[in-house]
Structures are given as structure tokens and as C-alpha cells.
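This report addresses the surroundings of the ligand, a further pocket and selected backbone features. The sequence and the structure are shown below.

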Amino acid sequence: MVAITDVVSLENHGEIAVITVDNPPVNALGVKVRKGLADGITAAIKDDSVKGIVILCKGRTFIAGADITEFGKPAKEPGLNIVLDTIENSTKPVIPAIHGTALGGGLEVSMACHFRVAVASAKFGQPEVKIGLIPGAAGTQRLPRIVGPEKALKMIAIGDPIDAKESLADGLIDEIIEGDLEAGAIEFAKKVLAEGRPLKKVSEMNEKVEAATGNAEIFDNFRKSIARKTRGFEAPEACVKAVEASVNMSFADGVKYERKLFEELMAGTQSAAQRYAFFAERQANKIPDIPKDTPQFEINKAAVLGAGTMGGGIAMNFINAGIPVTLLEVTQEALDRGIGIIRKNYEISAARGRFTQEQVEERMSMITGTLSMDDFSEADIVIEAVFENMDLKKEIFSKLDNICKKDAILASNTSFLNINEIADQTTRPESVLGLHFFSPANVMRLLEMVRGDKTSKSVIATSMSLAKRINKIAVLVGVCHGFVGNRMFSQRTRETDSLALEGAMPPQVDKVLYDFGFPMGPFVLRDLIGLDIGWSKETSTGSTIREILCEKDRRGQKTGAGYYTYKKGSREPIWDSEVEKLIIEFSEKKNINRREISDEEIIERSIYPIVNEGAKILEEGIATRASDIDVIWLNGYGWPIYLGGPMFWADLIGLDKILETLKKFNNQFGDEWKPAPLLEKLVKEGKQFKDF
Ligand code: 3H9
């Protein structure tokens, strides 16, 4: 075996040369891999004893793409397109042997080869759009030539991978290898040689793109189909344009056009934000004082206390991951209702073709309903999801302490309350932590993990692994009222309420924040969640607009009216003069002089206090890093990923500009606007949140 570079080697197996890439963790196409591939192929071509070439990867996956950490830095030679030309122009067949994921540049390498083989579990995709880019090494030109422009549009502009079976049917691979991949790929290469198969150069396969020439409808229809989902994003449209070029331009011109679009996106802030988010999510897993080898507990059985919307959603996460759940309610009626809703959710998924009726039954068989906490004695983890009442939670944890086995993790789904107080009700506060799921808990990916003063490292390490298993993105935070997400969010709620009273009616505020990139405005969101959460008729004093609306039985979408009204069966908010009148009267009663409020002020008033609170949270050590706060906002609060999260966005806007505005509002509106000392410090030192 010959080492070509540190990470690429070459070994001849008779007449077949095998080039092996070994660049953990995901064999990304860093400069050493690119150089190794180019030099390895050149060496194999020069070697007369070699008749065919196989490209193989060590470790968990085939090449999973370009090395994203190299992006935004000066390019190093050889560029990937040069490597791909070397491969495609080889006079000897080149065949990638694919396992794991051939993604991005990895798929582009494969498509420059003459044939492709893979194991049955392999996946293939061009996910660049998810980091705000388009494929940059001819992927937008080669993929349509193999799978056709329509399929290529989906794969490139949406970015989801396809499996080996589908790839075989589409001609993206030539054979699925059963058994040993390397041996199978060598066998395949020998077969190609024995049969004297002509070398397929994808760049010259024009049949599928020519068939679509002049058919602009393909692209128009596709644009329409993704418009809603891709609102605000730049990369999807660039993907469509590049695939369109594969139909309307020569291969060489298409590659040049693709490069231009790729470079424009690479230089923009959206891709920078999306790449930041990619690494931020992975960084959140790493907790400075909890090493990777921290001992963990086994989690095979879960228990959930409370079968309401939240408890039911939480239970579904475990079931989906194959972990059986015991679900507790106080009455048989509530239990039946809760389990009924879970079944209904699964049935809806089955009706949409996500899984079979048999799988619905299989999942349902993993839930055991109970009215007795004694049935929690075998659970490895218990999650309490009852309503937010400290006394009730204390009582529950004291009981759990008596019933649950030693080493069981005792978690509360509280979204505001003090985990330390709850933990102190038990004789094992080290086993207690907060696991704050977001509604709907079976859909939302964020899990805010709250570390109590005494929570053990093993409990945190186990919970982090468990989060991955149940497909959540976990972020560890400390104890404070509302933790990170809700503490910051309540700043926005306060300000949007004030804005309405000062002159910006809900439709204006909603439009500004929707245009900013949130999935919906704050008042529409409140109508959706329900205005009556935490409200009761008995204690209502009509002291806020929300209370007045609830008193009028305008409790949100579910009652057909909240801030807006809704026609039966429709989610379309309709502005209502009655609410307008009510807000104006309320302003008058409070002696608030209504005025015209600019859209710019709405952004400053509703987003800057989020940033300011984030700075306080960082300073207090409630969040480990600014990027953790951003992961929370991206995955739990609908912050648009192309703006990176509030802390990333603040760095982009300029901390000095934000500080200046906070000071202005501090004079105008009072202490709530006092700038966080950390913000002042960073500005003074010319630093950003990312430096903290
Ligand atoms: C591209 O290819 C552009 C081309 O058109 C060429 C243009 C010229 N680079 O996710 P995991 C790290 S753009 C650098 O936890 P999993 C990751 O940070 C690229 N590092 O594992 C993590 O590091 P750490 C197109 C990367 O098993 C570790 O690998 N490709 C890259 O759950 C493990 O990652 C993509 O967008 C990378 N490309 O999932 C694919 N990828 O351990 C992006 C991963 O220090 N990657 N790392 O935290 C993925 O989707 C997933 O990582 C993958 C594995 C499915 C591969």
C-alpha cells in the first residue's frame, strides 16, 4: 500500500487499484483528500498493470461532502472540479464503492466516475441548499443528466437524500453490493473490464436534459411548489436556476454558471448563518466539564406523568425510538383521551403514507396506560408533564423518590419553574433535571435540558445521548425563571404588547415579524397557542388586552376568535374592528398617546431586548455559549436559520448599534431597557458574542 497523502492511500489488487480515503469523521473533501484523489488517480492511470480503479472510504461513511470548515477561507489547490475532470477523463474505469452517505461533493465525486456501486443502506444527496449553497462541483449539471431535471430539482433544491434502491432505479448507481463492499466493488470493476463496457462520461450524457429543453413549465411548477417552504431563502432559487442551466446551456457553460452562483452564495450572509447553525447544533452536544467517557445509565423503559398534549407528545418520541412508555393519568377518562390522541396522530401519519397500519399497532402496543404511580418502579427515566404548579410538582417528585428504582432519571418538563426546588423534594437531587420539550413535542426538535445545582454528570451525559436517540437537539442550560428560551421570549411578548398600545396594531407587528422571517407574527402565534394558557375566569382582572379577550371568550383559534377572528375551519386570521376599538380604548384608559410606529422601530423594540436578555443569560452562565442560545431560537422559536439566531444576528447588525439603541430606549421607556453589562463590555473591547 502506498500513502498518497496522510489521508489517501493506493493499493493494487491485481489489475484493480483501490484508492482509500481515510479522513475521519466523515471523509470530508479537505485539501489532502482532493490532492490524494487527483494524485492517486493519476498514479493508477500511469501504472500499466492497473486496468480499473475503485474509490473506497474507511470509517462510517463515504465522502460526506466538501470540508465545510474550509469555506470562507482562501481556496487551496487542487479545486474539486479539477479532481473531477481527472477522474472523468481517466481512460480506465473509475468506480466509487459507497457506504454510509455520499453527500454534496461526495456525490459529485461519484458522478464524475464512470460507474457507481453501493451497499443497500447507502444514501445519496446534494444537501448544500441546507447550508445556504448550491452544489459547486458540477452537481447541478451532472445530476440532471443522470436522474433527469425534475428529480434533480427535488434532490438539489430541497436537499433530502435518497436511498440505494431508489438510486438504482434512477441510474444513480449501477449495482447494490451484498456482502463485503471492497470485494464486491473489485468484482464489479473486473466485470466492467471483461464485458468491455464503454466508459460512461456523465458530462456527455445529454439525453435527459435535451428532452426537457423548452419545457419551462418544469421549473415554474417546481418554483411554485417550494415557494412557501423556502420563503426568505436565497439558495433554493439559485439551485433551480443552476438546474435550469443544465437544460439550456452546454455542460461547460453550465458548470461556469453554477460556479458563479455558488460563489455569490458563499460570499453572502445567509450561507454563513446556515453553516454557523450546522456547527452550532453539533457544538451544543459538547459540555465543557462533561467528558465523552462519562459513565451513562441504560435507558430501556420510560414513564411519562400526564397524558395531555405535552405528555402524549413526549411519550410518542420514546415510542418512535423503540423505547416502551408507561403513561400515567389521574382518571381513566383522561388516560383514554390521551392515548386516543396518540393513536389519532399515528393514524394520520399512516393515512399520509408515513407508515403502515401494522406499524401503528406496533407503536400503540408500546404504551401501557396506568392510574397508579407504583407502575413507574421499573422505569429508567420518568418525565413529569403536569401543569405548571410548584406545589403539585413537589408532591409528585417526593412520591417518585419513594417509588422509582435507584439510578432512575427523574425529569420535569417544566418551562419556568426552579428545578433545584423540585430536586430538593427527593433524597436524590443528583438524579433530577429539567427536560423542557416544546409543543408539539412529537414534532419540535428542541429539548432544553436544565441542569440543577446537584444534577450528576452521568445524568446529563445519559440525557444528552437519549436526546439524540429520540431525534432531539438538546441544549444544556442552567436554572433561572423561564430558562433560556422563555426568558428571552417573554421580552418580545412584553414589547409587542406595548407596541400595540402605543400605536402599532397587531396586523402591522405581525407583518413586520413575519417579513423578518418568523413563521408567523406574535399575535397570530398567540391565537394559535391559545390566549387562555395560564388564565382563569376567577382570577381575571381585565388588566391586559389578553385578559379582556379571554373574558369575552376570544381565546384564540380554538374559539374562532382571539386577537383576530377565524372563519369556521379556517386558520386565516381576519383583523377585527372590535379588537381595534378595544385596544384604542385601553390605550386611552392607560393615558398612552398613540402614535405612528415605524417598521424599523418594531424590529428594534421586539428583537433587541431578546439580544439584551441573551447577553445577560451568557454573563450569568445560564447558557454555555452564544451559539447554544441560537440553537434554542432556531429550533424552538422559529428564528429563521438564514439569520443564524439572535446572537449571530446581533453580531451581524453590530453590537455598537444595538447598544446605542438600547440606551436610547432606556431613557425613553425605563429600566427594562438597561443594557446588559456584557454587551457594554464587548462593545468597549471591540468584540462580538462569537468571541465570548
Ligand atoms: C459541499 O459538499 C459543496 C460541494 O458542492 C463542493 C463545492 C466545491 N465538513 O453530523 P455528525 C463533522 S458542501 C466538515 O454529528 P452524523 C461534524 O461537524 C457539504 N465537517 O454525524 C461533526 O464533527 P464533531 C455537503 C463535517 O453521523 C462530525 O463530522 N455535505 C462535515 O449524525 C460528525 O457529524 C453536507 O452538507 C463536513 N462536510 O451525520 C453534509 N460533515 O464530531 C453535512 C460533518 O467535531 N454533514 N462534519 O462535532 C451531515 O449531514 C452529517 O454530518 C452526516 C453524518 C450525515 C454526514
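## Ligand shell

In this predicted model, 27 residues surround the ligand, and those that come nearest are Arg60, Ala66, Glu108, Arg282 and Lys286. By class, the shell around the ligand comprises 16 nonpolar, five polar and six charged residues.

Several polar atom pairs link the ligand to the protein. A nitrogen atom of the ligand lies 2.9 Å from a backbone N or O atom of Ala64. A polar backbone atom of Ala66 is 2.8 Å from an oxygen atom of the ligand. For Glu108, an N or O atom in the side chain is 2.8 Å from an oxygen atom of the ligand. On its own the ligand has 1000 Å² of accessible area, of which the protein covers 76%.

## Elements and domains around the ligand

Two or more residues of the shell around the ligand come from each of β6 (101-103), α3 (105-112) and α12 (269-283). The element that gives the most is α12, with three residues.

At the level of domains, the shell around the ligand draws at least three residues from domain 1 (2-254) and at least three from domain 2 (268-284 + 491-498 + 598-621 + 625-692).

## Second largest pocket

The volume of the second largest pocket is about 460 Å³. Its lining has 21 residues, and Tyr276, Ser627, Phe648, Asp651 and Lys690 are the closest to the centre of the pocket. The class composition of this lining is 12 nonpolar, four polar and five charged residues.

At least two lining residues are supplied by each of α12, α25 (626-636) and α26 (646-653). Helix α12 provides the largest share of the lining, six residues; α12 also gives the most to the shell around the ligand. Domain 1 and domain 2 each contribute at least three residues to the lining of the second largest pocket.

## Backbone features

Most residues other than glycine have a negative phi, and most peptide bonds are trans. Against this background, two cis peptide bonds and one positive phi may be noted.

The peptide bond from Glu77 to Pro78 is cis, with omega near 0°, and Pro78 is located in the loop between β4 (52-57) and α2 (80-88). Ser439 and Pro440 are likewise joined by a cis peptide bond, with omega about -10°; Pro440 belongs to the loop between β16 (432-437) and β17 (446-450). Phe483, although not a glycine, has a positive phi of about 50°, and this residue lies in the loop between β18 (473-477) and α19 (485-502).

Definitions and conventions:
Residues numbered from 1 in each chain as written. Predicted model: local features only at pLDDT ≥ 70, side-chain atom pairs only at ≥ 80, totals over all residues. Heavy atoms only, no water. Near = heavy atom within 4 Å. Polar contact = N/O pair within 3.5 Å; in protein donor to acceptor, adjacent residues only side chain to side chain. Areas by Shrake-Rupley, 256 points an atom, 1.4 Å probe, with all protein chains shown as cover. Helix = DSSP H or I, 4+ residues; strand = E, 2+ residues; numbered from the N terminus. Nonpolar A, V, L, I, M, F, W, Y, C, P; charged D, E, K, R; others polar. Domains from an automatic or database assignment. 1 Å grid on protein atoms, 1.4 Å probe; cavity = no way out; pocket = protein on both sides within 12 Å on 5 of 7 lines; lining within 4 Å. Points joined across faces, edges and corners; volume = space filled by probe spheres on them.
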